[in-house]
Every structure is written in C-alpha cells, then in structure tokens.
Amino acid sequence: MISRPVNFIKKFLNLFLLIQIFCIPVWAQGQLTFEDVMKFEDIKTPKISANGQWVTFGVWPEVGDGEVRIKEVDGDRSYTIERGENPQITKNGEWVGAIIKPPAIAAENDEKDTLKTGLTLLKTSDGEKVHFDEVKRFSFSNDGKWVLIYHHQPKEISEKDFKNPHLGEPIRVYSLQNGDQQLVPFVHEASIDSTSQYLAFSTIDTTGTGNTISAIRFDEGLGNRKEIESEENGFYSNLTWDSKRARIAFTSSILDTTKDYFASDVSIIYWNAEEDETTVLVQPEDINEMFRLRTDNELMWTYDGTRLFYGVQLSEMVALDEKESKKDSVTSENLYDFDRILDGVEGDVWHWDDPRIKTNEKEEFEDEKEHLYTAVYHINEGKSVQLATPEVPDVNAEHHSEKLLGSSSKPYLKLITWDGWYEDVYLIDQNTGEQEKILEKQQFSTELSPSGKYVAWFDGADWLLRSVESGEIKNLTSDIETPFADEENDRPQASDSYNIAGWTDDDGSVLIYDKYDIWQFDSETGESMKITNGREERRIFRIYDLNEEKETFSPRERLLLTMYHDQEKNYGFYHARIGREGADRVLEEDKRFNIVEHAENDDAILYTRESFTEYPNLWVASDMRFRNPGKISHLHEDLTEKYAWGHAELVDWINLDGESVQGVLYYPGNYEPGKRYPVFIYYYERFSQRLYEFNTPYTNHRPNIAQYTSDGYAFFLPDVWFDVPVPGYSATKNIVPGVQKLVEMGVADPDAIGLHGHSWSGYMTAHVITQTDIFAAAVAGAPVANMTSAYGGIRWGTGLARQFQYEKTQSRLGVSLWEDRSPYIENSPLFFADRINTPLLIQHGDADDAVPWYQSIELYLAMRRLGKEAVFLQYHNEPHHLRKLANRLDYAIKMKEYMGHYLKGEPAPKWITDGVKYMGE
C-alpha cells in the first residue's frame, strides 16, 4: 500500500514531467484571439549582403505598422527603419534602403489616397539615415556607391491636364559616398550598367522638345551629361546594357502624344560608351511585312556580345491599335443603313471548331496581341534573322550559338479544352531561321542543354536525349528498374517526371531526378550513375544551386542537397559530388529548414528553421557545411509560454482499402491525457508534410491552427489518396478511419468532430457528409456541388472550359459526361443531399474566377428544399480566396462561432439561428 504523502509526491512529479514535456507553465497560457492574429508579426523579404556581413528584413503585422531590421552577422550592431518595407542592401553591405509606408491609422483615414510612400537610406557603419519623400521605388548600383530614386510626379505636373499621356517622372541620382545628387525631371527609363560606370536615361517632357536619351559617366560628375540622341517627341525605351561591355541597346521612335499607345514603329540602336558612337542595328523597313517592330519589346545581349535578341509583333495585331473608330452622324440617308445599324452589335459567334472557346479566346487575346516573336541580330555579320513565326510562335532566346528550342501548341488548342496541354517542339537555326520539328504532341517537359548540344525530354515513362548535331536519340532510363515517372500520380492522366536537376560543363552529362534520388547520365555514352541513395531510407534529395547565374556544374563540384524524409516528414541538408556516389549528412533535425539566400560574394547562407512550435526565425551559417550557425532574428520565442499553442504529432492509420495513410494531429495547448477534445479537421490532398511547418496566424479562408488548439480543440490534417473515378468516396475512405484512429487514441470526442475544406476539399467536404454522419458540423468553402453542371461550366479566371479538370486532372473522373454519366452523378453531393444530416456552413465569393459560385447556390437550394440545416455566406465581389480584410475576418469569426456552437455547445449567435435579414446596401 502506497502512503498518501508518497502518492501525492508521485502525482506532483507526474504533473511536473507533463509540464516539462510541453515546455510551458500551463497556468500561464492564453488563447490566441482574432486581435492577436492581426497583430502577429511576420518576417518579410529577408536578404543577406553579398559580403555576408549584414542581414536585413521586414517585420510586419497583418494590420498595423511594421519596420525594417538590420543585423550585423558577426557583431552586435543592429538598426531599425520605422514603417520600412521591401528592404534592399548594397552588395558591399554599407547601405540599406527601405520604402517607408504611411502610418497605418493615417492610411486608413486617407479616403482620397493622397498619402505617398517615402524612402530611408541607412548607413550600416553608424546608423546614419537619409530620408526622401514622395518615392515610388529605388535601386542600388552594383558597386554600392549610387542609388536611383524614382519619385512620384510633382503635384504641379500631375494636377495639370497635359496632352501628352506619356510624361516621364523625376528620378534622383544620389551618391552614397559623399551625398552628391542630381534630380532629373521627366525620366521615362533609367539604367546603370553592370560595372557601375554609366547611368543611361531617357526623358519625355511636357512639350516633347526635351525628349532625349542621355548618359552620365559617374567619375566625370553628375552634371556632365552626354546626349546620345534627341528628337522632338522622340521616344527612347528598352534600355539594355551589355552585361560585359560598355554599350547599351535601346529602341527609338516618334511618340504620338494624342494617343495612349506608341504610334510609330521603332529602330533598334546601340551606343558604345567608350567610343561614344551609335549604330543603327534594325529599322522598320528591315522587318518582314508580316511583322512590325514596336516599342513593347524585350532586348537581350548574349554573354559573348555577338548577338542581340529582340521581338516583333504581328502586323494584323498592331493594326488593331492603329484603327480609329469613326461614328457617322445619323441622317435621313443612312437612317435605315444596315452597316450603320449593325455597327452597334455587341455579341460573339461561338463555333464548334474554334481552337479556343470564346471566353478563353478573350482572356488570351491581349497576350496574343502583344506576343513577341523572337528575332536575333548578329552583330559581326550585320544581319537580322527572324526565328519565331505564327506557326512556331515561341522560341527561347539562349546565350549559346547553337540551335534554339521552339514550340507551338496551336495544333492542339481545341484538344487542350478537355485533354490537357500538348505542343510540337522544333529546333531553330539562329543563322537561317530554319525550323526542324523534332517532337509532335509532346505532353511533358523538354529542355535544351546550356551549350545547345542536346535536347532532353520525358515521354511519360523515360528520359530521352537527342544530339542536336547528329539527330541520334538515346533512351537514358529504359534499362533502369527505378521509375522516373511520378510514382504518386493518382489522376487519370499520364504521369509527369521529377524534372532535370541540371547539366555539367560543356553538356558533358545531364542530372535527372527520380522521386528520391539524383542520377547522372553521360551525354555521349548514356552511361548512368546514381549519385544519392535515398530510396532505401525514403529520403528525397534535391540540389540547391548556390549560384543561380552559373548554368552548369563542374565535373567534380560539391553539391549542397536539401533532404526531406518522405516517411518521418523532417528536413535537412546533405553534401554530394558530381561524378561520385554517396551523400553525406550535414544537418538534419526534426525540423523544417529553408534556404533563403546565399551571399553572392561569400560562403554565408541565410536560412530558416521551424517547427509547429518554433517560428521560422532567420539564421546564418558561415558556409555550405552549416558551420558556426547564428540566430539573426528572435521573433515569437515565447509563443508556447504566452499561448496554449499545443504540439504536433504524426499519426498513421489504415484506410478502408487496407492501405497506410498519414496525417498530422495538433494537440490542444493544455492537453490532459485521457481527456477527449473536439477535433477540427482541415485538409486538401496531402498535408502530412506539414508536420514540422510553422503555421503563421493570418486572417484568411483557412482556419488558424493555433487559434483552435489554444481554445481547447485538437486539430487534424489528414492525407487523402484518390482512386479514379471516385474522388468523393476517396475522401471518405481516408478521413473517416483517421477520425476513428483519433477516437481510439483517446484524444477525440466522437460527438464533436468538425470538417472544413475549401475549393477542391470544399467539394470533398460536401460529398463526405452525404456518406457519413460522423461529423457534428462541416464548412465547405467554394465547393462544387454538381459535377454535371460544373463540367459544362467555365473557369472565368482563364476562360477555359472546366472539362479538362474532370476528365484528366483534379476531379479524377477519367471520362467525358457522354462516355459514362455515372461518375458525374455518383460524385455530386447535390444528388445525395437528402442523405446529409450534418449542419453545413457554405462560403463563396460571387466573383469567384475558379469555381462558379452558382455551385454553392445549387447546394444551398438543395439543403433548403430538403429542410436541412445550412447557412450560406455569400461575399460580394470576392474571388476564389477572400481578399478584403473585413470579409476575411467576418468569415473567420463565423467559422469559429459555428464550430464553437456545434462542437463545444456554445450559444449559437443569431446568424446561425435566425439568419440575417437584407436591409439594403
């Protein structure tokens, strides 16, 4: 028999151990409120200086004022810039700049939107600040000695009605070394070259007489301006510096100040800064009559400086801008004129054989109208070659001198409506423009090697490699037992690949991913080597390229690999080498890691570390071995002390088909073993990979996990694996056994289980509750209710018909409505709404551009007709995901009130019991 004092001590020790496990004093924890969520500070746009010595980042709440913070990596210096956002740091780390937002309260009260952003520059050596008002944006020169400051148009200009709609705006050129500055009015474009020796800028003034393109050589002083070209109403644009030489290309034309578009065709000119010479490369008369050379353009110098790529537009599309509408007066002679009357027709003709349906045609029209057909000018030969054509409209500009890759989806535009994306692939000769079709109806990725020697592509099962010179084709993977197609594809479409990881120097080999590993294939022989061995332990390895500007890896280069454990869900970093088997662990924990940025001129790496209970603060390691890690930011280190945050655990169960499934269970913050809790479920497809993710509180359509765990809920993210053609039942067969697992674990109150889904999972939620009564309440955001009407609907954001989604992609039915009607009926909640016994909250924005909001109307009307308990929240002029803070907050509050009533027995607010009567706008 245990004496009473000993029993008391034992209970006290058990309680003490429980508290230690959760690392928080239970009595001090509080609930995360909606106000807390809006005040929750989050790190924005972190950056590390090129020399690795400074880190800067924004810290902003969802609502309210924030700041920019600047931290020294290996020292104690730190600074702040109040209300700063989007910080930039010079490559030498000597200056930080940030755009300054107006105070939040003042901005809320600024009904006429008159408040403007400013700019603060901060010197990292001593914290000295320089401030400028009325600033739109800014940029530093590569050497960190100069900053270009783009100001808002002055009121004396913006408030006057000038005929010229294309006026430039003032920029300030500011020396970070001595404070010298020059304000240049009416600047249209400005650009500093990569060596930071020259500033080039073009101007458009109120009269047109001061329109120029000019340059300043910094070492000659800001006042010493060199005029490159000048002409009344001249328009100079697309300023593009050669990355290695002191020369700049630009377009030159004459501006029509009476129109909103640029009326004349352009010439392409380049200016050699060292020799102070201009050369006309291409003129309008040099262009094939099928095309026009216009201001809307993209210029690109090749690295070797031998070619300049540019674009042309179709003449028939340019003519649409030039067409002037004329309205004839009505007279007795033309009162009955058919042409005059019919000129007012507003309508479209939908033809069965149109390549695109009219809605998609309209959505794509502007892109098609402004599409640039790639051309190239060969500097040494003095000739221009048209590469892209209406038949092959897409040609990728590359820096190598071999053939280029072109593609066309035009033959398959109609098929794309229901069957997915296809294209023909071509090799384009840069010297002649000759086109050679090498692939037809290609469905998967195709890649040209960096030196242009090979084309690699995936055919749905294997990777193939074609020599550009000889045309010889090798199947690289057919003799390897390991699959290179997506092993988890559960959609009724061919499996895609895991992509190419990169190439070695001179296209010597290609690196290709399978699900877990990195393979190296010799381009000439096809011989293979598996660099990593992740499959055995279910570790997924991927290369993190520390130098994004470098196109290839050297033969024995050390690789930094990211690692994700497919079973345990944790993350880490490994090392491997090109040409060698094996990967070595560098850093791995039960955490999630993300590399933010690598210092451009140093080995330092800026990264984050996180878990459900650890905010992703910033860390800096001294090199790719992650040595000498130091924590830079210190946000929310007291979360688990301040709030009843809870903790996460991976849960495994067996679904109704006997297959293993995983999910993440978040325990209530003040969890007591043996006590049962209400459970709120949120899901989509697979979410178990979020085990070690921090869930940043934010007001949106998703429930904030910690807001529920701190209020006594368990929260559950189950995976869903799908079978064709039963997506609705697939959700049920995975989720319901998952709920039963939580009940068996003693965590879940079986009478207090809530389900929430949005979009695709909004559909699944509506369908699951037709098949089970296990849920006490459900929330379906933007759901599809009727697959027959949804199949015949349109995704208004793209104008695409929704047919492809049901036959081939997410909806996973695999057949058309006329091949087999049954899956469209059986997977539609609408037809089984009479079986629903679960109270349902429906949410939809009536400007949804993905899921037609009438789908929610159909579901609501069915529930209403059947006398089922349902509330429909319609948000006006809102898209697929709510944007307005008021609506986001309203939905979040109502969702929590809904679950509070049905899962916890809290009193129901009137909007649940009585609805809300319409009382006018």
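# Exercises on helix packing, pockets and buried residues

Helix 5 and helix 7 lie roughly perpendicular to each other. The exercises below use a predicted model.

**Exercise 1.** Determine which angle and which residues underlie the packing of helix 5 against helix 7.

Solution.
- Step 1. Locate the elements: helix 5 covers residues 315-322 and helix 7 covers residues 358-369.
- Step 2. Read the geometry: the helices pack at an angle of about 100°, and their axes are 10 Å apart.
- Step 3. Apply the cut-off: angles of 65 to 115 degrees count as roughly perpendicular, and helix 5 and helix 7 are therefore placed in that class.
- Step 4. List the contact: helix 5 contributes Met317, Leu320 and Asp321, while helix 7 contributes Phe365, Glu368 and Lys369.
- Step 5. Sort the residues of this contact by class: three are nonpolar, three are charged and no polar residue takes part.

**Exercise 2.** Describe the largest pocket by volume, lining and residue class.

Solution.
- Step 1. The volume of the largest pocket is about 1,100 Å³.
- Step 2. Its lining comprises 50 residues, and the closest to the centre are Asp486, Glu488, Asn489, Tyr498 and Arg686.
- Step 3. Elements that each supply at least two lining residues include helix 8 (413-419), strand 37 (539-544) and strand 46 (660-666).
- Step 4. The lining divides into 18 nonpolar, 15 polar and 17 charged residues.

**Exercise 3.** Do the same for the second largest pocket.

Solution.
- Step 1. The second largest pocket holds about 780 Å³ of space.
- Step 2. It has 30 lining residues, with Lys91, Glu549, Glu597, His598 and Glu600 nearest its centre.
- Step 3. Among the elements giving two or more residues to this lining are strand 1 (42-48), strand 5 (84-89), strand 12 (181-192) and strand 41.
- Step 4. Strand 41 (592-598) also supplies at least two residues to the lining of the largest pocket.
- Step 5. By class, the second largest pocket is lined by 12 nonpolar, 10 polar and eight charged residues.

**Exercise 4.** Find how many cavities of 30 Å³ or more the structure holds, and state what lines the largest cavity.

Solution.
- Step 1. The structure has one cavity of 30 Å³ or more.
- Step 2. The largest cavity contains about 50 Å³ of space.
- Step 3. Its lining is made of Phe34, Asn700, Arg702, Pro703, Asn704, Gln707, Tyr708, Ala892, Met895 and Lys896.
- Step 4. Helix 10 (705-709) and helix 17 (885-904) each give at least two residues to this lining; helix 17 gives the most, with three residues.
- Step 5. The lining of the largest cavity includes five nonpolar, three polar and two charged residues.

**Exercise 5.** Decide whether Phe715 and His378 are buried or exposed, and list their contacts outside the local sequence.

Solution.
- Step 1. Phe715 belongs to strand 48 (residues 714-718), and His378 to strand 23 (residues 373-378).
- Step 2. Buried means under 20% relative accessible area. Phe715, with a relative accessible area of 0%, is buried; His378 also counts as buried, at 4% relative accessibility.
- Step 3. Not counting residues up to four places away in sequence, Phe715 touches Val664, Leu665, Tyr666, Phe680, Tyr682, Pro703, Ile705, Tyr708 and Thr709. Two of these names, Pro703 and Tyr708, also appear in the lining of the largest cavity.
- Step 4. With neighbours within four places in sequence left aside, His378 is in contact with Thr306, Arg307, Lys383, Val385, Gln430 and Asn431.

How values were computed:
Residues numbered from 1 in each chain as written. Predicted model: local features only at pLDDT ≥ 70, side-chain atom pairs only at ≥ 80, totals over all residues. Heavy atoms only, no water. 1 Å grid on protein atoms, 1.4 Å probe; cavity = no way out; pocket = protein on both sides within 12 Å on 5 of 7 lines; lining within 4 Å. Points joined across faces, edges and corners; volume = space filled by probe spheres on them. Helix = DSSP H or I, 4+ residues; strand = E, 2+ residues; numbered from the N terminus. Nonpolar A, V, L, I, M, F, W, Y, C, P; charged D, E, K, R; others polar. Axes fitted to C-alpha atoms, helices over the stretch in contact; angles between N-to-C directions. Parallel < 35°, antiparallel > 145°, perpendicular 65-115°, else oblique. Contact = heavy atoms within 4.5 Å. Buried < 20%, exposed > 50% of the residue type's maximum accessible area, 1.4 Å probe, protein only.
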